[in-house]
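Here's a quick walk through this model, starting with one residue and working out to the whole chain. Have a look at the structure first.

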Amino acid sequence: MSPSYLSDYAPLLIHILLAMALAGVLLALSVLVGYRRPSRAKSEAYECGVAPVGDAREPFSVKFYLVAILFILFDVEAIFLYPWAYVFRELKMFGFVEMMLYIAILLAGYIYLWKKGALDWNR
């Protein structure tokens with residue numbers, strides 16, 4: 001590894017180390033300064049100010065999991081747009097055509113899910 005290679009990533013490494021150090025300092029301070037007076041009210045689950053009702057381990061419909069997976073899928077796919085946007089001018093027409101193909105495939109998947117009723121809550 002050349003020294004210039006390491007110096008390119010030095011700011012990123014410093015940023016990660018500072019973030020980890022800050023997280024450690026904040027956790028240590030909360031342990032040192034925080035109150036330790038446990039009570040029954042503090043041990044209960046907090047649900048937006050409403051008293052919890054029923055069992056938390058109640059089975060959910062598969063629909064919730066399907067929507068969650070679809071959200072993650074399309075969210076991860078959208079992340080790939082950022083690097084493309086960063087180098088858009090360097091890729092010229094080839095990059096544009098490739099991204100339009102990529103978006104068309106995503107759109108086809110979205111339309112397929114829509115037609116199958118995967119996004120319909122009432123079904």
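Lys92 sits in helix 5. This is a predicted model, and the backbone at Lys92 deserves a glance: its phi is near 55°, a positive value in a residue that isn't glycine. Most residues other than glycine have a negative phi. Is Lys92 buried or exposed? Lys92 counts as exposed because its relative accessible area is 59%, over the 50% cut-off.

**Helix 5**

Helix 5 covers residues 88-116, 29 residues in total. Where does helix 5 bend? The bend is at Phe94 and comes to about 75°. The end-to-end span falls short too: the end C-alpha atoms of helix 5 are only 34 Å apart, while a straight helix would reach 42 Å at 1.5 Å a residue.

Which residues of helix 5 are buried? Gly95, Met99 and Leu113 are. The cover over the buried residues of helix 5 includes helix 3 (62-79) and helix 4 (81-86). Right after helix 5 comes Gly117, and its phi is positive as well, near 85°.

**Helix 1**

At the other end of the numbering, helix 1 takes in residues 3-33, and Ala28 has its place there. Ala28 is partly exposed because its relative accessible area of 37% lies between the 20% and 50% cut-offs. Ala28 and Asp8 are 20 residues apart in sequence, and their C-alpha atoms are 32 Å apart in space.

**The whole chain**

What does the protein chain have in the way of helices and strands? There are five helices and zero strands, so from the N terminus on the elements read α-α-α-α-α. The chain is more spread out than a compact globule, because its radius of gyration is 24 Å, well over the 14 Å that the globule rule gives for 123 residues. Along the principal axes, the C-alpha trace spans about 65 × 55 × 25 Å.

Buried residues make up 7% of the 123 residues. The protein chain exposes about 11500 Å², and carbon and sulfur atoms supply 71% of that area. As for contacts, take those between residues at least 6 apart in sequence: 55% of them join residues at least 24 apart.

**Confidence**

The protein chain averages a pLDDT of 85, and 95% of the residues score at least 70. Two elements mark the ends of the range, helix 1 with the highest mean pLDDT and helix 2 (residues 40-43) with the lowest.

| Element | Mean pLDDT |
|---|---|
| Helix 1 | 91 (highest) |
| Helix 2 | 79 (lowest) |

Where pLDDT is low, the predicted coordinates should not be read in detail.

How values were computed. Residues are numbered from 1 along each chain as its sequence is written. This is a predicted model: local features need pLDDT of at least 70, side-chain atom pairs count only at pLDDT 80 or more; totals for chains, interfaces and linings use all residues. Side-chain values use heavy atoms; hydrogens and water are left out. Helices (H or I, at least four residues) and strands (E, at least two) are DSSP runs, numbered from the N terminus. The expected span of a helix is 1.5 Å times one less than its number of residues. The bend at a residue is the angle between axes fitted to the seven residues ending there and the seven starting there. Buried means under 20% relative accessible area, exposed over 50%, partly exposed in between (1.4 Å probe, protein chains only). Contact means heavy atoms within 4.5 Å. The radius of gyration is taken over C-alpha atoms; the globule rule is 2.2 Å times the number of residues to the power 0.38. Accessible areas come from the Shrake-Rupley method with a 1.4 Å probe; for residues, only the protein chains shown count as cover. pLDDT is the predictor's confidence in each residue, from 0 to 100.
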